[in-house]
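Here is a quick walk through one protein model, written for someone who would rather look than scroll. Keep the structure open while you read.

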Amino acid sequence: MENELRQIGGRKQLGYVLSRSRSDYAYFQPLKEMEALIKEGMFVVIISRNEGLTYLAEITGISHYNEYYEKGEIWAEALREGFPPPDEISRRYTVAALRILGVLTPQGLRNPDKPPLPGDLVYPASLNDLQSLYHYDLSSGQTPARFIEIGKIYGYESEELKLPALLDTNNINMHFAVIGTTGSGKSNTMGRIIEMLGARSGIDLPGGYKTIPVMIVDANGDYLDYFENPELVKSYSKVKRLYFEGSEADNIRSQSSKAELKRIKIDLNALSPSEISETIIAIYHSGKLEGAELQLNYLSSFLSDIERLKEQFPLCMSNNNYEVDYNCIINKIDKLKELIEEDRKANKVHSSTADAVIRAVANFHELMVKKHNIIPSHGANAEINDDFVDDITNPKDPKLVILDFSTEGATGVDLTVKQFVVGNVLALLFKKFTAYRIQGVNRLLLFVIEEAQNYAPNTQVYPIGFSLAKKILASVATQGRKFGLCLGLVTQRPSYVDPIVMSMMNTFIIHRVAPGDIKFVSTVTGGLPKYIERRLTYMEPGLAVLTGQMNVFPYPIFVKVDRREKHKYSSIVNNE
Ligand SMILES: Nc1ncnc2c1ncn2[C@@H]1O[C@H](COP(=O)(O)OP(=O)(O)OP(=O)(O)O)[C@@H](O)[C@H]1O
Ligand SMILES: [Mg+2]
């Protein structure tokens with residue numbers, strides 16, 4: 001009789017619900033032989049005598065008690081003298097805390113509106129119980145293309161009871177952030193996401209995409225594997241690696257017809273005349289525009305005087321001959337200086353303002369044209385221009401693009417120049433994606449940024465560089481997902497990222513974080529349960545908390561992320 005009670009459907013009872021449960025949490029006392037079996041993160045069900053409800057819950061804490069070891073208890077003096085208590089007769093028990101996730105129904109989880117009763121039986125959750133949380137048949141082992149399996153639910157990694165941890169990419173036109181301290185596994189997680197996108201074959205995304213085009217700002221060379229071995233990401237017909245001229249990567253050759261190596265050449269026309277002016281002046285003043293308003297105003301009106309530019313730079317027209325090509329104009333630095341001198345003589349600009357603007361423009365030219373050669377003589381010669389965006393986001397033929405900002409691809413390139421490139425590329429994408437939407441075309445792109453704090457710095461606490469990339473990132477973050485332009489940010493210091501950008505993230509994969517960042521993380525994610533907060537500071541590499549809209553579960557879960565494919569990156573240096 002007793003044993004029958006303890007088993008249902010071959011499952012062994014774990015224990016009994018204790019008094020004073022609530023609808024959202026409960027305690028249970030495990031049976032003696034189950035004490036060693038239970039662990040934090042484990043899912044259990046409570047088969048309640050209360051209307052026959054089945055609650056799904058998660059073990060969030062385990063406490064062991066022994067009356068002889070209570071503070072100031074009867075055995076305290078004996079302990080003090082070094083006498084061990086007679087353990088075999090002591091009153092010992094274990095209590096497990098449960099977070100009640102919901103009531104299981106054939107339709108899935110529903111909010112509980114009454115607590116379980118004391119004495120209700122607790123069982124380990126079976127695959128069947130958990131099935132209702134997934135949107136497909138788990139036993140088939142076939143994950144529908146719409147989901148990316150980034151790993152397993154923590155504690156459910158074994159062959160017998162394996163639960164996939166999923167990101168719902170129907171919601172990828174959402175923004176997500178991967179955060180955690182150095183070495184906590186962020187790049188592995190992002191790499192895993194990209195590999196899973198690169199392995200997709202089903203077509204069930206808007207616009208008829210089989211997978212989502214991706215562009216990565218690769219700060220440390222974590223994703224160069226995919227250039228080395230495009231077979232790791234088969235769904236992309238090409239992996240394009242873009243690097244700065246003059247870098248070590250000049251000596252590298254691609255090994256595969258699917259891998260393309262190109263120099264970074266941006267199209268300055270992606271920016272408005274006033275954005276170009278702001279960039280030039282801000283770079284000259286190391287990011288600070290205060291006190292440079294006259295210079296900014298003058299340069300801005302200079303670059304906005306289209307009629308004059310057309311007349312003075314007759315060869316600097318874009319292909320269709322209607323628009324001024326600012327790439328060309330910036331390349332013609334001597335003519336630019338000459339015109340500013342003219343303005344000075346005609347008293348159109350104060351002499352000291354003219355001086356400063358000439359120096360600022362010359363500095364910009366020196367850096368972007370002469371030193372790094374990233375602004376071509378004409379927009380048509382840019383690598384990253386309108387055609388490029390059309391090509392990489394083509395639904396029939398999506399591509400993976402790596403902006404190689406590693407020491408190999410950006411040898412000796414300052415952060416300012418990298419920020420300029422990111423800002424420019426984002427401005428181009430924003431412009432293109434707005435146009436797609438107006439044309440009624442469905443396009444998608446996931447834009448991944450490693451070291452996101454360097455491109456959208458919260459200048460209150462992290463004053464670096466200038467703010468062009470940050471401004472455009474904020475626009476993409478607030479409006480981009482309406483157009484199918486999504487962000488995947490990776491950062492060690494979430495509090496160093498611009499709070500506006502951070503607040504627009506709606507999915508978080510949180511690896512181990514520093515205690516000082518817990519409060520911030522909890523706030524931006526919209527609040528995390530206390531037991532998760534406590535756990536965040538001591539998680540092993542690859543363990544993460546997944547929360548937000550791409551999480552198929554309606555509550556934060558612990559995920560053990562799978563390792564990326566093993567492929568050691570090594571450059572092939574051309575020694576000819
Ligand atoms: N899912 C995982 N499972 C097991 N080990 C992992 C996992 N993810 C990462 N690791 C281990 O942790 C190391 C660091 O991982 P990773 O480079 O992804 O960390 P990171 O957070 O990107 O670090 P950084 O801030 O320095 O860039 C890896 O080399 C690997 O050994
Ligand atoms: Mg990393």
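## The disulfide

Let's start with the sulfur chemistry, keeping in mind that this is a predicted model. The structure holds one disulfide, and it joins Cys 316 to Cys 328 with an S to S distance of 1.8 Å. The pair links distant parts of the chain, twelve residues apart: Cys 316 sits in the loop between α8 (306–312) and α9 (326–331), while Cys 328 belongs to helix α9 itself.

Which hand does this disulfide have? The torsion about the S-S bond of Cys 316 and Cys 328 is about -65°, so the disulfide is left-handed. As for solvent, both Cys 316 and Cys 328 are buried. Another cysteine to look at is Cys 486: its relative accessible area is 1%, which is under the 20% cut-off, so Cys 486 counts as buried too.

## Overall build

Zooming out, the protein has 17 helices and 21 strands. Its C-alpha atoms fill a box of roughly 100 × 55 × 50 Å along the principal axes. Of the 576 residues, 54% are buried. Take the contacts between residues at least 6 apart in sequence, and 71% of them join residues at least 24 apart.

The domain assignment splits the protein into domain 1 (2–131), domain 2 (173–263 + 383–528) and domain 3 (270–371). How far apart are the centres of domain 1 and domain 3? Taken over C-alpha atoms, 71 Å separate them.

## Helix α11 and its partners

Helix α11 (residues 351–371) is worth a look for two packing contacts, one of them with helix α6 (residues 273–284). The axes of α6 and α11 come within 9 Å and cross at roughly 90°. An angle from 65 to 115 degrees counts as roughly perpendicular, so that is the label for α6 against α11. On the α6 side you'll find Thr 279, Ile 280, Ile 281, Ile 283 and Tyr 284; they meet α11 residues including Ala 356, Arg 359, Phe 364, Leu 367 and Met 368. By class, the residues of this α6 and α11 contact divide into ten nonpolar, two polar and one charged.

The other partner is helix α10 (residues 333–345), whose axis comes within 10 Å of the α11 axis, crossing at roughly 175°. That angle is over 145 degrees, so α10 runs roughly antiparallel to α11. Among the α10 residues making the contact are Ile 333, Leu 336, Lys 337 and Glu 341, and α11 brings residues including Ser 351, Asp 355, Ile 358 and His 365. The tally for α10 with α11 is eight nonpolar, two polar and four charged residues. Val 361 of α11 turns up in both contacts, as it is listed with α6 and with α10.

## A look at Met 196

Met 196 is found in helix α4 (residues 186–197). Is Met 196 buried or partly exposed? With a relative accessible area of 23%, Met 196 is partly exposed, because buried would need a value under 20%.

Which residues does Met 196 touch, leaving out those up to four places away in sequence? The answer is Ile 148 and Glu 149. You can also compare Met 196 with Gly 484: these two are 288 residues apart along the chain, and their C-alpha atoms are separated by 19 Å.

Technical notes:
Residues numbered from 1 in each chain as written. Chains lettered and ligands numbered in written order. Predicted model: local features only at pLDDT ≥ 70, side-chain atom pairs only at ≥ 80, totals over all residues. Heavy atoms only, no water. Disulfide = S-S within 2.5 Å. Helix = DSSP H or I, 4+ residues; strand = E, 2+ residues; numbered from the N terminus. Buried < 20%, exposed > 50% of the residue type's maximum accessible area, 1.4 Å probe, protein only. Domains from an automatic or database assignment. Axes fitted to C-alpha atoms, helices over the stretch in contact; angles between N-to-C directions. Parallel < 35°, antiparallel > 145°, perpendicular 65-115°, else oblique. Contact = heavy atoms within 4.5 Å. Nonpolar A, V, L, I, M, F, W, Y, C, P; charged D, E, K, R; others polar.
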